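Me: I've got a structure open and I'd like to learn how to read its contacts. Can you walk me through it?

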Amino acid sequence: MEYTEEERLQSMSWEIAVMMAHNQAEVWAAIFYQFALTAPPSWAAPCRFIAEVIRTMTSIEISIERLDRQIANQQAFSLGYMPTPLDVESVTTLACTLYQIEQEMGPDHVTFQSVQWYRRGLRARSTKLVGKEVEAWKTLF
């Protein structure tokens, strides 16, 4: 079954809101809210939509004032470092959406810096997991 882009974004947003810890969902909502304010017109509406779905679907609704704040680097880093409860489709949608926004805005755009910290967290977690596997293999031989 083929889904529309809006359906994929809605599903991803719903999973972020419902399956992630509240503080993690709030950071994602803030990231997409800030993209909605600064992204090119082709991405402003989708980012606004994502932020609104996350904001209203979390167990405790997030106020707009909470989204209009600077995101701490450590908060964005921990999004990537912590295991994600999202399914593969939502993770893929998230990665593709961030990549497309990055292509339009540029990786050095100030609003995109939180995503750079998120990716650093992903790399750190990957390095940690690979290191554990290497150590486990060493014990076998």
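Reply: Sure, polar contacts come first: a polar contact is a pair of N or O atoms within 3.5 Å; within protein, one must be able to donate a hydrogen and the other to accept it, and residues adjacent in sequence count only if both atoms are side-chain atoms. This is a predicted model, where local features need pLDDT of at least 70, side-chain atom pairs count only at pLDDT 80 or more, and totals for chains, interfaces and linings use all residues. Residues are numbered from 1 along each chain as its sequence is written, and side-chain values use heavy atoms, with hydrogens and water left out.

Me: How far is the backbone oxygen of arginine 69 from a polar atom of the side chain of glutamine 34?

Reply: They lie 2.3 Å apart.

Me: Is glutamine 34 buried or exposed?

Reply: Buried means under 20% relative accessible area, exposed over 50%, partly exposed in between (1.4 Å probe, protein chains only). Glutamine 34 has 16%, so it counts as buried.

Me: What about salt bridges?

Reply: Side chains of opposite charge can pair when their charged atoms come close. The rule is a side-chain nitrogen of Lys or Arg within 4 Å of a carboxyl oxygen of Asp or Glu, and the count here comes to five.

Me: Which residue forms a salt bridge with glutamate 26 at 2.6 Å?

Reply: That's arginine 66. Glutamate 26 also forms a salt bridge with arginine 69, with the closest N and O atoms 3.4 Å apart. Glutamate 26 is buried at 6%, while arginine 66 is partly exposed at 45%.
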